[in-house]
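Me: Hello! Please give me a close look at a single part of this protein, the nonpolar core. I am new to this, and plain words would help.

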Amino acid sequence: MGKIVCFPSLSEEQQQRIQNAAPGYTLKFGKAKELDPSELKEAEIILGWSPLVTEHALKQDSLLKWVQVWSAGVDNLPFADLQQKNIQITSANGVHAIPITEIILGMMLSHSRWLRQAMLHQQQSEWKTPAKPLPELHGKTAVIVGVGEIGTETARILKALGMHTIGVRRSGKDVPNVDQMYDMTGLHEALSKGDYVINILPLTDETKHIYDQTAFQHFKSGACFVNVGRGPSVKTEALLDALQRGQIAFAALDVFEEEPLPADHPLWGMDNVLITPHIAGSTEQYTERALDIFVKNLEAYIAGDTLPLNLVDYSHKY
């Protein structure tokens, strides 16, 4: 039988789950940089990713057939090299649905219910109240751009709060709790309808800088923008302009074109911007959820079946 090399740190119980799913396979656990290069060259399956995979496991005589990436994003992979060897790629897409939905909701509420402003006044021991009555999320329209696992869960929660939901996804296929769905050709029309626009798009050649000056001009005046997708999907200069002109009333940003965001960047000093340091997907449940995906795929692989979860399409790069 073949060899499985696993980079993530797993408990003995979690390692045993892999062994139980692939009896007869040799398992090797360890950080990529600490493993002998021969281990990577001999691997049929790799759990995780490292640039060393390219260096040692993609050689002409290597045995690699499948990579289960430990992250949801795959935009950092050498697709051309992997495709040339016809290697299957699966991601950990789906592990973030709950934590990112929660941070999206927190970002929206921090603005609508004046929580961020109250915290700033608290730091100054100031008793200040809003200049006008606070808006509710109830009855407002949320446009979710990139309706996958995260977007579907976000729509479910926002519908429970009484919001109207509009979705945008490549296929245009309907999902539960989204009142109206567009494919990507309808992006600008969808943006014009949102009180809140939530970006969850992956980064591809098509989505880089998809939020440019033209896109922001289509936003409803006074809309709020939440980005928990990928930083380079937004052209930062266009976002700054939209915030300064008041086209966008508020932006909550977890991802940026340049990370860490430089200390002298103007976004830091803007009163209508909330910044978090790329933590939207952080969750104590990550390892167990990602392992669930791998084990289910592994069971299918051993049975000779198509990998059922998160098989990356080379033509779309996600």
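**Inside the core**

Reply: Happily! The structure holds 0 disulfides, and please remember that this is a predicted model. Two cysteines are still worth a glance: Cys6 counts as buried because its relative accessibility is 0%, under the 20% cut-off. Cys224 counts as buried too, because its value is 4%.

Now for the core itself. In soluble globular proteins, nonpolar side chains tend to be buried together. Here the largest nonpolar core has 31 residues, and those that touch the most other members are Val145, Tyr211, Phe216, Phe219, Phe225, Leu239 and Leu267. Both strands and helices supply it: two or more residues come from each of β6 (141-145), β7 (164-168), α8 (187-191), α9 (213-217), β10 (223-227), α10 (236-245) and β11 (248-253). The biggest giver is α10, with 5 residues.

Let's zoom in on Val145. Setting aside neighbours within four places in sequence, Val145 is in contact with Val168, Leu187, Leu191, Val197, Ile198, Asn199, Ile200, Leu201 and Tyr211. Apart from the largest core lies another one, of 26 residues, including Ile104, Met107, Met108 and Ile198.

Two of those names lead us to one last residue. Thr154 sits in helix α7 (residues 149-160), and among its contacts beyond four places in sequence are Ile104 and Ile198. The others on that list are Thr101, Ile144 and Ile200. Thr154 counts as buried because its relative accessible area is 1%.

Methods
Residues are numbered from 1 along each chain as its sequence is written. This is a predicted model: local features need pLDDT of at least 70, side-chain atom pairs count only at pLDDT 80 or more; totals for chains, interfaces and linings use all residues. Side-chain values use heavy atoms; hydrogens and water are left out. A nonpolar core is a set of buried Ala, Val, Leu, Ile, Met, Phe, Trp, Tyr and Cys residues joined through side-chain atoms within 4.5 Å. Buried means under 20% relative accessible area, exposed over 50%, partly exposed in between (1.4 Å probe, protein chains only). Helices (H or I, at least four residues) and strands (E, at least two) are DSSP runs, numbered from the N terminus. Contact means heavy atoms within 4.5 Å. A disulfide is a pair of cysteine sulfur atoms within 2.5 Å.
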